[in-house]
Amino acid sequence: MPINKIRSSSRAKAAIAAVILSASASGWLAFFSPERITPASVHTAIEQGITPPAVELAVNKLIIPWEGLVLQSHWDSFAKIWDICYGETRINGKPVTAGMSFTPAECLAMLKVRIINDYYLPLVDGVKGYVEAPVSVQASLLSGAYNFGVFAAKRSTAARLTTAGKFRQACEAQTAFNRAGGRIVNGLVLRREMGDKQRLGEAELCVSGL
């Protein structure tokens, strides 16, 4: 269970409304209306160059703010690995190593490609009902998958509750991923739950779209 009370917020609702408006302008909503959204139709939309709103929401409001931009590779003392950019640990299939560097534009381009191919589509294909869940639920699980691994996300209680349509419970269940190195880390509690003054929390965003 969450350590803190999970509640919706005006800032999260504003972020959700903005991404839905953007999705309409990009053609995402028109692409699916009146067709029912399915994993196959999502794949087709992405192949046509349309970015899913859940990806935009997760990248801009959760992943980038919490990961932070690092242009030169640095050592993650918790995970015991090198990372770079917005938490990238592998580049072209190979582990990040000491001495690597990229520009901000390169980092953003890599992030969006990896989010779609390595995290979003595996959730679309691996979690039944994921694409039909509220966009805030999708974005929250997607952000979590990027942070603690897509395999863990697909097998998580949050994913199971999403499939069952128990979205509020799913939002709260993901807050269990708040440990690193075997102990609870305050930064992960903030990220999983209600965020801080500058950043949205995953659960905060998640419940604000229900």
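# A guided tour, from a buried glutamate to an exposed asparagine

Begin by selecting Glu204, which counts as buried because its relative accessibility is 2%, below the 20% under which a residue is called buried. This glutamate is found in helix H11, and this model, which you should keep in mind is a predicted one, lets you show what surrounds it. Leaving out residues up to four places away in sequence, Glu204 touches Ile6, Arg7, Ser8, Ser9, Arg11, Ala12, Glu193, Met194, Gly195 and Arg199.

Next, select Ser136, which is found in helix H6. Is Ser136 buried or exposed? Ser136 is buried, with a relative accessible area of 1%. If you display its side chain, you can follow it to the backbone nitrogen of Gly209, which it reaches at 3.5 Å. Not counting residues up to four places away in sequence, Ser136 also touches Ile16, Leu57, Leu205, Cys206 and Leu210, with Gly209 again in the list.

One of those contacts, Leu57, leads to the next stop, helix H4, so named for residues 53-67. Helix H4 has 15 residues and reaches 20 Å from its first C-alpha to its last, close to the 21 Å expected at 1.5 Å a residue. Turn the view until you can follow the helix along its length, and look for the place where H4 bends by about 40 degrees, at Val59. Now colour the buried residues of H4, which are Pro53, Ala54, Val55, Leu57, Ala58, Val59, Leu62, Ile63 and Trp66. What covers these buried residues? The cover includes helix H1 (10-26), helix H2 (28-32), H5, helix H6 (135-148), helix H10 (186-192) and helix H11 (202-208). Just after the helix, select Gly68, which follows H4 and has a positive phi, near 75 degrees.

From here, move to helix H5, which has 23 residues and reaches 31 Å from its first C-alpha to its last, close to the 33 Å expected at 1.5 Å a residue. Helix H5 also bends, by about 35 degrees at Ile115. Its buried residues are Cys107, Leu111, Arg114, Ile115, Ile116, Tyr119, Tyr120, Leu121, Leu123 and Val124.

With H5 still selected, turn to the nonpolar core. In soluble globular proteins, nonpolar side chains tend to be buried together. The largest nonpolar core here has 47 residues, and the members that touch the most other members are Val42, Ile115, Tyr120, Leu123, Tyr130 and Leu142. Helix H5 (residues 104-126) gives the most to this core, with nine residues. To see one of these members in its setting, select Leu142, which, leaving aside its neighbours within four places in sequence, is in contact with Ala54, Val55, Ala58, Ile115, Tyr119, Tyr120, Leu123 and Tyr130. A second, separate core has eight residues, and you can find it by selecting Ile6, Val137, Cys206 and Val207, which are among them.

The next stop is a pair of strands. Select strand E1 (residues 70-76) and strand E2 (residues 81-85), which pair in the antiparallel sense over four bridges. Which residue of E2 is the bridge partner of Trp75? It is Trp82, while the bridge partner of His74 in E2 is Asp83. E1 and E2 form a hairpin with four residues between them, and in the turn you will find Lys80, with a positive phi of about 65 degrees. Cys85, which has its place in strand E2, has a positive phi as well, of about 60 degrees, although it is not a glycine. At 1% relative accessibility, Cys85 counts as buried.

Now select Arg90, which is found in strand E3 (residues 90-91) and is partly exposed, with a relative accessible area of 41%. Its side chain reaches the backbone oxygen of Gly93 at 2.5 Å. Not counting residues up to four places away in sequence, Arg90 touches Pro95, Val96 and Arg114. If you draw a distance between the C-alpha atoms of Arg90 and Arg114, you will find 10.0 Å, for two residues that are 24 apart in sequence.

Finish with Asn92, in the loop between E3 and strand E4 (94-95). Is Asn92 buried or exposed? Asn92 is exposed, with a relative accessible area of 78%, and its phi is near 55 degrees, a positive value in a residue other than glycine.

Key:
Residues numbered from 1 in each chain as written. Predicted model: local features only at pLDDT ≥ 70, side-chain atom pairs only at ≥ 80, totals over all residues. Heavy atoms only, no water. Core = buried A, V, L, I, M, F, W, Y, C linked by side-chain atoms within 4.5 Å. Buried < 20%, exposed > 50% of the residue type's maximum accessible area, 1.4 Å probe, protein only. Helix = DSSP H or I, 4+ residues; strand = E, 2+ residues; numbered from the N terminus. Contact = heavy atoms within 4.5 Å. Expected span 1.5 Å × (residues − 1). Bend = angle between axes of the 7 residues up to and from the residue. Pairing = 2+ DSSP bridges. Polar contact = N/O pair within 3.5 Å; in protein donor to acceptor, adjacent residues only side chain to side chain.
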